[in-house]
Amino acid sequence: MFAFPEQFSNATKANLESQFALFSALTSKTFEGVEKLVDLNINTVKAALEDSSATARQLLSVKDAQEFFTVSASQAQPAAEKALAYSRQVASIAADTGAEFSKAAESQFAEVNRKVISLVDEVTKNAPAGSETYVSALKTAISNANAGYEQFTKTTKQAVEAIESNLNAAVSQFTQATRKAGAAANSAAAA
């Protein structure tokens, strides 16, 4: 008679498989991002320990207070630049991971959307006479939901781009301020 239960059962199975695939992809991307952060942190800690050791040796070998302040001041700018480079790398890893999440979600949404439209088309082929208005309303609702999702995605991407732009501007200003402060500290120490 009607194959509705079978069609919905197949659609449900396909939807669960799609969700599992999405979950697996997002889990994989999460672990890749965490792995990159762990590598970055290990390398940063190693470099910081080496720098601290070298600075301590320099400070222990100074002959007077003037030289001590000169050595101390000379370390401020490189340390700030390294901290800035670290934050840029963290931001890059986060942005890359976020982009991968977005790509996976968009791909999944497109696939689910295609399957829903296919299911609706298949079910409406067997719809009783006189149900054209309801079928049309259902298709319109799906189309409107898709348009809303696309607009939301577009707006979100624009917001992320604005945040990244503002962050880059703030980092640039911080870098300039750090360089000026380091130069001023070096001048004061030399005087």
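**Three helices and their side-chain contacts**

Let me start with one residue: Phe-68 has a relative accessibility of 34%, so Phe-68 counts as partly exposed. On that scale, buried means under 20% relative accessible area, exposed means over 50%, and partly exposed is in between, with a 1.4 Å probe and protein chains only.

A word on the source. This is a predicted model, in which local features need pLDDT of at least 70 and side-chain atom pairs count only at pLDDT 80 or more, while totals for chains, interfaces and linings use all residues. Residues are numbered from 1 along each chain as its sequence is written, and side-chain values use heavy atoms, with hydrogens and water left out.

Back to Phe-68. What does a search of the whole structure find in the way of aromatic pairs? The search finds 1 aromatic pair. The partners are Phe-68 and Phe-69: their ring centres are 5.7 Å apart and their planes stand at 80°, so this is an edge-to-face pair. The rule for Phe, Tyr and Trp (its six-membered ring) is centres within 6.5 Å, with planes under 30 degrees apart called stacked, over 60 edge-to-face, and the rest tilted. Phe-69 has a relative accessible area of 52%, so Phe-69 is exposed.

Now the chain as a whole. There are 3 helices and 0 strands, and from the N terminus the order is α-α-α. Helices (H or I, at least four residues) and strands (E, at least two) are DSSP runs, numbered from the N terminus. The chain has 191 residues, and 16% of them count as buried. About 13400 Å² of the chain is exposed, with 63% of that supplied by carbon and sulfur atoms. These areas come from the Shrake-Rupley method with a 1.4 Å probe. Among contacts with a separation of 6 or more, 82% are between residues 24 or more positions apart; contact means heavy atoms within 4.5 Å.

Next, salt bridges: a side-chain nitrogen of Lys or Arg within 4 Å of a carboxyl oxygen of Asp or Glu. The count is 4. One of them joins Lys-29 and Glu-32, at 3.9 Å from N to O. These two are 3 residues apart in helix H1, so about one helical turn separates them. Glu-32 is partly exposed at 35%, and Lys-29 is partly exposed at 23%.

Lys-29 also forms a salt bridge with Glu-100, with the closest N and O atoms 3.5 Å apart. Glu-100 lies in helix H2 (residues 65-125) and Lys-29 in helix H1, so this pair ties together parts 71 residues apart in sequence.

Which side chain does Asp-51 meet in a salt bridge? The partner is Lys-82, at 2.3 Å from N to O. Asp-51 lies in helix H1 and Lys-82 in helix H2, so parts 31 residues apart in sequence are tied together. Asp-51 is partly exposed at 30%, and Lys-82 is partly exposed at 45%. Elsewhere, Lys-29, Glu-32, Glu-100 and Lys-103 are joined into one network by salt bridges that share partners.

Last, the surface. Val-34, Val-38 and Ile-42 make a nonpolar patch of about 230 Å². Patch residues have over 30% relative accessible area and no salt bridge; like charges are joined within 9 Å, nonpolar side chains (Val, Leu, Ile, Met, Phe, Trp, Tyr) within 5 Å. Ile-42 belongs to helix H1 (residues 4-60) and is partly exposed, at 42% relative accessibility.
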